[in-house]
Amino acid sequence: MTVPNLRKSKSIRVTLAVASAALVLAGCGSGGQAAAPASGSEAPKVTGDVTVFAAASLTETFTRLGKDFEAANPGTKVKFNFGGSSALAQQLNQGAPADVFASAAPANMKQVTDTKTITDAPRTFVKNKLAIAVPKGNPGKIAGLADFADAGKKIALCAEQVPCGAASKKVFELAKITPAPDTLEQDVKAVLTKVSLGEVDGALVYKTDVKAAGDKVEGIEFTESAQAVNDYPIASLAKAPNAVTAKAFVEFVLSDKGRTVLSAAGFDSP
Amino acid sequence: MTRNRVRGRLPVVLVLPAVLGLAFLLVPLAGLLVKTPWTSLSTLLSAEVGEALRLSLICASLATVLCLFLGIPLAWLLARSGLPGRGFLRALVTVPLVLPPVVGGVALLLVLGRRGLIGEHLDAWFGISLPFTTAGVVVAEAFVAMPFLVISVEGALRAADPRYEEAAATLGASKWLTFRRVTLPSVLPGVVAGAVLCWARALGEFGATITFAGNFPGETTTMPLAVYLALETDPDAAIVLSIVLLLVSVGVLAGLRDRWISGPT
C-alpha cells in the first residue's frame, strides 16, 4: 500500500512544480509590460517601454528618432517593428501589442482605423516619392522608367500589397508603361537589398531609400514620381499599453527636431 | 504484468504535458479549419492558387530529388568512410537546420547570385542566373531541406549492421555494388522517412525562397509566399491557401505513411 501512495504523492509534487513554473513564466510575460498610465492626482509621466510599428522605409530615421527620444526622456525605451505597412497593419488588427503605428500610406492606416484599432485621427508627418534605384555604376544601363518594360533586364518591384508597390503601379499607369519585373518583394527594403547586392539591374524604391543605401546604390529621379507621392500617417493605438509615452513619441516625430532628422534623410514635409 | 496494468499506471506528470502538447499542436490547425470561409471557398480558389500549388509541388519534389542525389552519398560519407573530422563535418551539415532561412537565402545570393562568388562565373560563362527563377526556388528549398535527409539516412546507416556489407565484400562485391545491392536496400526505410521530411520541409519553405528566388507569380511564388502576401490584403484568401496546402501535404504524407513508413502501432 505504501508504494503506490509514495508514487502518487511524488507525481503530485512534480505536477505542482510544473504548474508553479508555468505560473512564474506567465508572470514574466506580463511583468515586461510598460508602466500603467498614471492614476489619481499624479501627472501622466512619459516613461517605460513604447513599441512602435513603422514602415520599412522609416528604418533609419525612426531608429535615430528613437534614440533621440530616449535621450530626451530618461526612463523610456523605444522598441521598433519595421516591415511592410500592410503586414504591420495586419499584425495590429490581430492584436499585436503596439503603442504607435507609422504607415507609408494612408490606405494601410485606414486598415487599422477601420477596425477601431486606432481611434485617434492619424496625422501626416512626411511625404515620400519613388526613385529608380540601380546598383553602383549602373551595370544594367537603366536610363529611365521605359527600361522597366525590357524583359531582358532584371527588375525588382514592391508587391502591390505594400505602399511602395501601390505607388509603383500608379507611376507605371501614368507613364503608360507595362513593367516586366522579375520579382515582387514584400517590402521596400527587400527590394533595396536586391539592388545593393547587384542581383537586379533596376528597381523602384523611395527616394529616401536610395539615400539610406549609401554608395552601393545610385538613384535616378523621374518626372512621374511627383504624381505618386505617398503620405506617411502616424497615430497612437486605441489600446496602447503605454498611451502617455506613445502620444509623446508621436509629438516628438511631428516636432521640429523630428522634422529635421526626417528631412535630412530626404523626406519631404507634408 | 499485463498490458492493461501497465497502461493503468500512466503517470500524470507525463500525461498532462503530453495532452497539453497535443492541444498546442492541434488547436491552431483546428482554428484554421473553424475560420475557413467554406461557403466562399470556390470563389477564393483562383487560377493563381492552382498555379502556386502546382509550383510548390513541383519545386518541393525536384528539391527532394536533388537532396536524394547529393544527400545519400553525403550521409554514407559521414557514416561509413572513417574520414577524419567527421563529427565536425556532421555539425556543419546541420547548420542549415539552425540557420534562419532568410540568412540561408542571403548566403545563397552571395554565392550563387549574379554577383556572387560562383554565380558571377555561371552568369559570365554560361549565362545562367539562378535568382528569380524556378531553378532558384529548387536550390533554396534543397539547401534548407537537405540536412533532414542526411541526418535521417546517416542515422539509418549507423544503425544498420555492417556485417552484411562485410559479407558482401568477402564474396567479392565491389564497394559500389555493395552500396547499391546491400547497404541501400537495408536503409531504405530511413531514406524514405528522410525524403518525406525533406519534401515536407521544402514544401513549407518561405524565408530562403523569398530571399534568394524572389517572388513572381508562376515562376517563384510558391504557396507559402502566396499565403504571406495574401495575408496582408485578404486574410480569408490566405486561410484558403493554407487549407489547400495543409490538405495536400497531409494527404501526401498520409498516403506515404500507409505505403512506406509503418510506424510502430
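**Group meeting: a first look at chains A and B**

Let me begin with the sheet in chain A, an open one of 5 strands in the order 7-6-8-5-9, whose pairing is mixed. Its edges are strand 7 and strand 9, the latter at residues 217-220 of chain A, and each of these pairs on one side only. If we ignore direction, neighbouring strands of this sheet are turned by 35° against each other on average. Please keep in mind throughout that what we are looking at is a predicted model.

Staying at one edge of that sheet, strand 6 of chain A, which covers residues 155-158, runs parallel to strand 7 of chain A and is joined to strand 7 by 3 bridges. Within that pairing, L157(A) has L184(A) in strand 7 as its bridge partner.

Two helices should be added to this picture. Helix 5 of chain A, residues 163-175, lies across strands 5, 6, 7 and 8 of chain A, and runs at about 115° to strand 6. Helix 6 of chain A, residues 188-196, lies across strands 5, 6, 7, 8 and 9 of chain A, and its angle to strand 8 is about 140°.

Now let me step back to the division of chain A, where domain 1 is made of residues 48-127 together with 231-264, while domain 2 takes residues 130-227. The centres of the two domains, taken over C-alpha atoms, are separated by 26 Å. How many residues does each domain bring to the contact between them? Domain 1 of chain A gives 13 residues, and domain 2 of chain A gives 13 residues. On the domain 1 side, helix 2 (59-72), helix 3 and helix 4 (106-114) of chain A each supply at least two residues. That side of domain 1 divides by class into 5 nonpolar, 7 polar and 1 charged.

The next point comes from a record: an unreviewed UniProt entry annotates S57(A), S85(A), V188(A) and Y206(A) as "binding site". These residues span 150 residues in sequence, yet no two of their C-alpha atoms are more than 13.8 Å apart, so they gather at one spot. One of them, S57(A), sits in the loop between strand 1 (48-55) and helix 2 of chain A.

Turning to the contact between the chains, 19 residues come from chain A and 20 residues from chain B. On the side of chain A that touches chain B, helix 1 (2-31), helix 3 (85-93) and strand 7 (183-185) of chain A each supply at least two residues. By class, that side of chain A has 6 nonpolar, 9 polar and 4 charged residues.

For chain B, an unreviewed UniProt entry places the feature "transmembrane region" at several stretches, among them residues 91-112 and 124-153. Residues 91-112 of chain B are 86% helix and 0% strand, with their end C-alpha atoms 23 Å apart. Residues 124-153 of chain B are 77% helix and 0% strand, and here the end C-alpha atoms are 37 Å apart.

I would like to finish with confidence. Chain A averages a pLDDT of 83, and 84% of its residues score at least 70. Among the elements of chain A, strand 3 (residues 100-102) has the highest mean pLDDT, 95, whereas helix 1 has the lowest, 44. Over residues 1-41 of chain A the pLDDT stays under 50, and for this stretch the model has 22 contacts beyond four places in sequence. Where pLDDT is low, predicted coordinates should not be read in detail.

Conventions. Residues numbered from 1 in each chain as written. Chains lettered and ligands numbered in written order. Predicted model: local features only at pLDDT ≥ 70, side-chain atom pairs only at ≥ 80, totals over all residues. Contact = placed C-beta atoms within 7 Å. Helix = DSSP H or I, 4+ residues; strand = E, 2+ residues; numbered from the N terminus. Nonpolar A, V, L, I, M, F, W, Y, C, P; charged D, E, K, R; others polar. UniProt positions renumbered as here; feature names shortened; annotations may be inferred. Pairing = 2+ DSSP bridges. Axes fitted to C-alpha atoms, helices over the stretch in contact; angles between N-to-C directions. Domains from an automatic or database assignment. pLDDT = per-residue confidence, 0-100.
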